[in-house]
Amino acid sequence: MKYSNCFVPTLRDVPADAEVISHQLLLRAGYIRRVTSGVYDYLPLALRVLRRIEAIIREEMERAGAQELLMPMVQPTELWEKSGRLSKYGPELLRFEDRHGHQSCLGPTHEEVICDLMSRELRSYKQLPINLYQIQNKFRDEIRPRFGLMRGREFVMKDAYSFHADDESLMAEYRNMFDTYTRIFERLGLRFRPVEADTGSIGGSDSHEFHVLADSGEDLIAHCEGCDYAANVEKAVSGRDAPAGDAAPLTALATPAVTTAEDVAAFAGVDAALVIKTLVFCVSGGDADGAIVAACVRGDDQLQAVKLIHALGADALEMASDAQIEEIGGVTGFVGPLGLDAPVYMDAGLEAAVGMLAGANKRDLHLTGVDVARDLSRAQFVDLRETRAGDCCSRCGGQIALSRGIEVGQVFALGRRYTEPMEVQFQNQQGKREVATMGCYGIGVSRLMAAVVEQCHDDGGIAWPDILAPFSVILVSMGKSDEVLEASEDIYRQLQAAGVSVLWDERNERPGVKFKDAELIGIPLQVVIGDRGLKQGVAEFGRRGSERQEIALSAVVAASMAALSAGSGAAL
């Protein structure tokens, strides 16, 4: 394609609202444009990249035995009522009413729709297992869209759903999809890590996330330096030495206006590990819906709210108000686990703790000498703390490290979480009706494009891997002579005839503009033809970001194909 015919509205300045590098570069390089908050146009270059990502996904999904279909983005809310998720999913589910008064929503995911389909079409065990997938736009009404394509409201997603006669078959497909995702991300040339994950609003038993490693990632990943254990910090379990205070009787300690765990520790002259940090929550969903509960961790730890949600079987938590804390016998700023008229959940690492400090539930007062076993016999002990760097791996005893990641895929073993309420049944070999079991598997296609840019860029702009670039070669004509344009067009036609995708920059622009645009948009190979080189029968050839070398004009096509073949085996 000729550059003058290609819609590539590049920008010289960094847009003020673009925080992360992928957002900045995709805007500057003319790949995307904002329509409204969290919603973007994908311009021609972006669409070419998306199509390349989709092609790799399709190849690997079909290699794994999955079949592609396409389901509607608009879903009747009655399906979500039937699955039990309508009230649980929350405000991210955009709901609306049509002219006939029918309630619908824009699909953030398609478990309900695919289960509705299978409930009508599945008859016999002979139809199982089956894996169906689609690549389609989704919509989630994010409260705070940010980082461009990394956390938008409308996005492109690959979602797959498998159905099985038994759990053994489900877990076999779970492993199949895990391996398939590994191949996809390896083919994309990404540095990534699969990690154990929380199942979140999707539900189910087992789940793994796939994270592209990047400092800009929103997720924090805990991984062992001695074995292959890795998990999102929402899920990660690790060990550490128990706090070692001195056994002592309970004693009141005046702490005027001293409220935070760190300040209390400093005031008392002890390590923050010897302070019990008590947080009070109001529970939503589950058997404890509406209850007020207290959760305790060490003063030098952070509470991982997702762990508490799972311990309670709840849907969500909110920090309790001052009035709610007072109702259970506490005082904001000085709340502690002793004497509270509420269930108390303590991190398992505190079970044997002695010589601790805790709020006394009286203003300006704390207690010293807290012995957890002696003084808090009714507390429930669960893993609540967020894993930290330097912790001990719960599997091998190695050291835990933390990294940032961008979640680009996740696999779930859902079991019968949806198939039971949605009545997805089949006739088994004994002729009896049985509920199918289910898995689901998602990849954020548009987020992947941003994640690649987070890893593949330099000061000049985007540096696409060969397999994803919108064009494989950018051909730059330097000078305005007819000879240069004629020679360039000849090379252009030769590259096209050889099946190499090429963008020919034949614009009447200054050399600096052309070179900056070439670097910015990130096409891997550069061919430059100018008056001086043309007289010698040579062109400049090289990879983006590297020094170009002079080669014979007659060798340009062969050199391009050889470089692309050596680079990644991508389609030319």
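Arginine 58 touches Glu68, Tyr133 and Ile135, leaving out residues up to four places away in sequence. This contact set belongs to a predicted model, and the report below starts from arginine 58 before turning to other sites.

## Arginine 58 and its surroundings

Arginine 58 is located in helix α2, which covers residues 44-63. With a relative accessibility of 26%, arginine 58 counts as partly exposed. Its C-alpha atom is separated by 28 Å from that of glutamine 425, a residue 367 positions away along the chain.

One of the contacts of arginine 58 is also a charge pair: glutamate 68 forms a salt bridge with arginine 58, and the closest N and O atoms are 2.9 Å apart. Because glutamate 68 lies in strand β3 (residues 67-68) and arginine 58 in helix α2, the pair ties together parts that are 10 residues apart in sequence. Glutamate 68 is partly exposed, with a relative accessible area of 36%.

## Salt bridges

In the whole structure, 36 salt bridges are found. Side chains of opposite charge can pair when their charged atoms come close. Three of these pairs are listed here.

| Acidic residue | Basic residue | Closest N and O atoms |
|---|---|---|
| Glutamate 68 | Arginine 58 | 2.9 Å |
| Glutamate 60 | Arginine 187 | 3.1 Å |
| Aspartate 466 | Arginine 543 | 2.6 Å |

Helix α2 takes part in another of these pairs. Glutamate 60 forms a salt bridge with arginine 187; glutamate 60 lies in helix α2 and arginine 187 in helix α5 (residues 167-187), so the pair ties together parts that are 127 residues apart in sequence. Glutamate 60 is buried, at a relative accessible area of 4%, whereas arginine 187 is partly exposed at 29% relative accessibility.

The salt bridge between aspartate 466 and arginine 543 links distant parts of the chain, 77 residues apart: aspartate 466 is in the loop between β28 (461-462) and β29 (473-477), and arginine 543 is in strand β32 (residues 538-543). Aspartate 466 is buried, with a relative accessible area of 7%, while arginine 543 counts as partly exposed at 30% relative accessibility.

Salt bridges also join into a network, which links Arg240, Arg298, Asp300, Asp301, Arg385, Arg388 and Asp391.

## Charges without a salt bridge

Arginine 28 lies in helix α1 (residues 21-28). Arginine 28 is buried but has no salt bridge, and the nearest side chain of opposite charge, aspartate 13, is 7.1 Å away. A salt bridge requires a side-chain nitrogen within 4 Å of a carboxyl oxygen. Apart from neighbours within four places in sequence, arginine 28 is in contact with Pro9, Thr10, Leu11, Arg12, Asp13, Val14, Pro15 and Leu520.

At the surface, Asp482, Glu483, Glu486 and Asp531 form a negative patch. Helix α11 (residues 482-497) supplies the largest share of this patch, 3 residues. Glutamate 486 is found in helix α11 and is exposed, with a relative accessible area of 56%.

## Buried sites

Helix α10 (residues 445-455) is largely enclosed by the rest of the structure, because 10 of its 11 residues are buried. Among the buried residues of α10 are Val445, Leu448, Met449, Val452, Val453 and Glu454.

Glycine 299 is in the loop between β16 (292-298) and α7 (305-312). At 2% relative accessibility, glycine 299 counts as buried. Leaving aside residues up to four places away in sequence, glycine 299 touches Ala261, Glu262, Ala272, Val275 and Lys277. The C-alpha atoms of glycine 299 and alanine 247 are separated by 18 Å, and the two residues are 52 residues apart along the chain.

## Backbone geometry

Most residues other than glycine have a negative phi, and most peptide bonds are trans. Three sites depart from these patterns.

The peptide bond from leucine 128 to proline 129 is cis, with omega near -5°. Proline 129 is found in the loop between α4 (111-121) and β7 (130-139).

Phenylalanine 147, although not a glycine, has a positive phi of about 60°. It sits in the loop between β7 and β8 (154-164) and is buried, with a relative accessible area of 13%.

Glutamate 423 also has a positive phi of about 60° without being a glycine. Its place is in the loop between β23 (400-415) and β24 (425-427), and glutamate 423 is partly exposed, with a relative accessible area of 45%.

Key:
Residues are numbered from 1 along each chain as its sequence is written. This is a predicted model: local features need pLDDT of at least 70, side-chain atom pairs count only at pLDDT 80 or more; totals for chains, interfaces and linings use all residues. Side-chain values use heavy atoms; hydrogens and water are left out. Helices (H or I, at least four residues) and strands (E, at least two) are DSSP runs, numbered from the N terminus. Buried means under 20% relative accessible area, exposed over 50%, partly exposed in between (1.4 Å probe, protein chains only). Contact means heavy atoms within 4.5 Å. Patches are made of residues with over 30% relative accessible area and no salt bridge: like charges are joined within 9 Å, nonpolar side chains (Val, Leu, Ile, Met, Phe, Trp, Tyr) within 5 Å. Accessible areas come from the Shrake-Rupley method with a 1.4 Å probe; for residues, only the protein chains shown count as cover. Lys and Arg count as positive and Asp and Glu as negative; His and the chain ends are not counted. The place of a charge is taken as NZ of Lys, CZ of Arg, CG of Asp or CD of Glu.
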